[in-house]
Amino acid sequence: VAKEQGKNNYQFYSSSIAEKGARKMELEMALRKAISNNELELYYQPQINIITGGIYGAEALLRWKHPIYGYLSPDEFIPIAEESNLMLSIGEWVITQAFMQMKKWERNGKKDIKLAINISARQFQYIDFFSFLQKEVQRLQINTAKLELEITESIMQNIEKAKIELNNIKRLGFQISIDDFGKGYSSLSYLKSLPIDTIKIDKSFIDDISHPKHKGSLAKVIIDMGHNMNFVVIAEGVETKEQFDFLKNHACDIVQGYYYSKPLPPKELEKLYL
Ligand code: C2E
Ligand code: MG
Ligand code: MG
Ligand code: MG
């Protein structure tokens with residue numbers, strides 16, 4: 001019986017792994033054509049100034065409408081794009097698209113807002129990344145002062161290289177933000193040596209605000225530390241009034257999350273916030 005069960009188990013696992021692999025391969029093939037098929041879009045989630053209640057900026061978030069499966073989560077397709085080198089062209093598409101959207105808002109006299117763009121670790125480390133940014137800034141004559149690039153702590157694995165790259169990017173006028181801050185458990189000392197403007201407290205610490213024991217103690221520490229280092233502090237994934245009130249009481253600068261709004265198509269963001 002044991003042998004039989006073992007065999008069944010084996011079959012069960014092997015087929016589920018095979019299925020997973022098949023879906024991945026299928027998505028990878030479809031993703032290769034996603035740009036030319038116009039299946040990619042950017043949504044924009046508002047970031048709110050906690051004191052004035054007015055809009056501070058927006059984060060561009062990638063959406064892929066698969067021809068059969070409909071909208072897929074970036075958490076599913078971005079890792080596939082990263083593994084297959086597709087993230088380089090998708091990342092470039094995101095940058096160009098976000099730049100053009102910013103220009104459009106400026107041209108139409110929309111409110112002065114900041115636009116945050118996610119940059120994956122692979123994309124950041126790509127040797128042509130900086131020259132692509134520079135080329136697009138030139139070509140589109142974009143005002144970089146209002147653009148913020150979101151990177152994650154994982155790029156700090158090579159701190160000396162990251163420092164050079166970030167300083168070059170700062171020279172183009174961009175702001176730099178550390179996304180999912182606190183999740184990487186990296187040492188705080190590296191932050192001092194890097195040209196960082198903003199930190200985004202990871203959602204897990206915001207969730208902890210409602211935890212009966214933790215009561216947001218780490219969120220508070222991150223806010224205070226961020227202010228000591230003169231960073232703008234953004235809380236991401238803010239969902240409840242309780243979290244919002246806590247962040248306001250502890251002098252967090254900016255909030256982003258479903259409490260205010262989900263990511264929106266650009267037209268919706270314009271209608272509601274600009
Ligand atoms: P992220 O940059 O940390 O973005 C925040 C994620 O949290 C977004 O998920 C957003 O929709 C979601 N979110 C915002 N407020 C709330 C909330 O109140 N509650 C909950 N539960 N979630 C909230 P999304 O759009 O699915 O993106 C997931 C991740 O995929 C992003 O995390 C980012 O790492 C990556 N990503 C998205 N767009 C891009 C892109 O254009 N380029 C790159 N390289 N990565 C991207
Ligand atoms: Mg982000
Ligand atoms: Mg984040
Ligand atoms: Mg996140």
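What percentage of the 274 residues of the chain count as buried? In this predicted model, the share is 47%. The chain holds eleven helices and nine strands. Its radius of gyration is 21 Å, close to the 19 Å that the globule rule gives for 274 residues, so the chain is as compact as a globular protein of that length. The C-alpha trace spans about 65 × 50 × 45 Å along its principal axes. The accessible surface amounts to about 14600 Å², and carbon and sulfur atoms account for 54% of that area. Of the contacts between residues at least 6 apart in sequence, 68% join residues at least 24 apart.

In soluble globular proteins, nonpolar side chains tend to be buried together. Here the largest nonpolar core has 78 residues, and F99 and L247 touch the most other members. Helix α3 (residues 86–107) gives the most to this core, contributing ten residues. Leaving aside residues up to four places away in sequence, F99 touches I117, L133, E136, V137, L140, I142, L147 and F174.

The next feature is the metal site. The magnesium ion (ligand 2) has as protein donors E59 (OE), N118 (OD1), E150 (OE) and D179 (OD), which lie 2.0 to 2.2 Å from the ion. Along the chain, these donors follow the spacing E-x58-N-x31-E-x28-D. E59 belongs to strand β2 (residues 55–66) and D179 to strand β6 (residues 175–181), so that this pair, 120 residues apart, links distant parts of the chain. Both E59 and D179 are buried. D179 also coordinates the magnesium ion (ligand 3), which is 3.8 Å from the magnesium ion (ligand 2).

Methods. Residues are numbered from 1 along each chain as its sequence is written. Chains are lettered from A and ligands numbered from 1 in the order in which they are written. This is a predicted model: local features need pLDDT of at least 70, side-chain atom pairs count only at pLDDT 80 or more; totals for chains, interfaces and linings use all residues. Side-chain values use heavy atoms; hydrogens and water are left out. A nonpolar core is a set of buried Ala, Val, Leu, Ile, Met, Phe, Trp, Tyr and Cys residues joined through side-chain atoms within 4.5 Å. Buried means under 20% relative accessible area, exposed over 50%, partly exposed in between (1.4 Å probe, protein chains only). Helices (H or I, at least four residues) and strands (E, at least two) are DSSP runs, numbered from the N terminus. Contact means heavy atoms within 4.5 Å. Donors are N, O and S atoms within 2.8 Å of the metal (3.2 Å for Na, K and Ca); water is not among the atoms, so sites may look incomplete. The radius of gyration is taken over C-alpha atoms; the globule rule is 2.2 Å times the number of residues to the power 0.38. Accessible areas come from the Shrake-Rupley method with a 1.4 Å probe; for residues, only the protein chains shown count as cover.
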